[in-house]
Amino acid sequence: MDQICVVTTVVDARSVADVLAAAAVAGRLAACAQVGGQVDSTYWWRSGVETSTEWSVQFKTAPDRAAALVEQIRASHPYEVPEILVSRVDSGDPAYAAWVHEHTRP
């Protein structure tokens, strides 16, 4: 139980990031969610290079809740092809991992 998953995504507006964060925590799919400041992203889209300003969201969840969290993010995400990355990490503090696990129970 010392492992957690960190799920990250980016969206085009702070209000959208806040809604994704609040929904994941309220639904106990994430123990916490952090909305980061604006980032400038450059990427290929529809045969051209695009640059846009986005907001990052980082969710902390238990490994057994990650798939459900990804599905919720995908269903609510405004992008046609959203970036949703899942990393399984060892918690440096077993108490934090236990807290994440406890607060992601339905």
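Modeller: A residue is called exposed when its relative accessible area is over 50%, buried when that area is under 20%, and partly exposed in between. The structure above is a predicted model.

Biologist: Why is glutamate 80 called exposed?

Modeller: Glutamate 80 has a relative accessible area of 59%. The cut-off for exposed is over 50%, so glutamate 80 counts as exposed.

Biologist: What makes the pairing of arginine 46 with glutamate 80 a salt bridge?

Modeller: The rule asks for a side-chain nitrogen of Lys or Arg within 4 Å of a carboxyl oxygen of Asp or Glu. The closest N and O atoms of arginine 46 and glutamate 80 are 2.6 Å apart, and therefore the pair satisfies the rule. Arginine 46 lies in the loop between β2 and β3, and glutamate 80 in the loop between α2 and β4, so the pair ties together parts that are 34 residues apart in sequence.

Biologist: Is arginine 46 buried or exposed?

Modeller: Arginine 46 has 62% relative accessibility, and so it counts as exposed.

Biologist: How do you know that aspartate 64 and arginine 105 form a salt bridge?

Modeller: Their side chains meet at 2.9 Å, N to O, and the limit is 4 Å, so the pair qualifies. Aspartate 64 lies in the loop between β3 and α2, while arginine 105 lies in the segment after α3; the pair therefore ties together parts that are 41 residues apart in sequence.

Biologist: Why is aspartate 64 called exposed, and why is arginine 105 called partly exposed?

Modeller: Aspartate 64 reaches 51% relative accessibility, so it counts as exposed. Arginine 105 has a relative accessible area of 25%; partly exposed covers values between the 20% and 50% cut-offs, so that term applies.

Biologist: Where do arginine 74 and glutamate 71 lie?

Modeller: Both residues lie in helix α2, three residues apart, which is about one turn of the helix. Their side chains meet in a salt bridge at 2.6 Å, N to O. Arginine 74, at 43% relative accessibility, counts as partly exposed, and glutamate 71, at 46%, is also partly exposed.

Biologist: How many salt bridges does the rule give?

Modeller: The count comes to four salt bridges.

Biologist: What makes the protein as compact as a globular protein of its length?

Modeller: The protein has three helices and four strands. Its radius of gyration is 14 Å, close to the 13 Å that the globule rule gives for 106 residues, so the protein is as compact as a globular protein of that length.

Definitions and conventions. Residues numbered from 1 in each chain as written. Predicted model: local features only at pLDDT ≥ 70, side-chain atom pairs only at ≥ 80, totals over all residues. Heavy atoms only, no water. Helix = DSSP H or I, 4+ residues; strand = E, 2+ residues; numbered from the N terminus. Rg over C-alpha atoms; globule rule 2.2 N^0.38 Å. Buried < 20%, exposed > 50% of the residue type's maximum accessible area, 1.4 Å probe, protein only.
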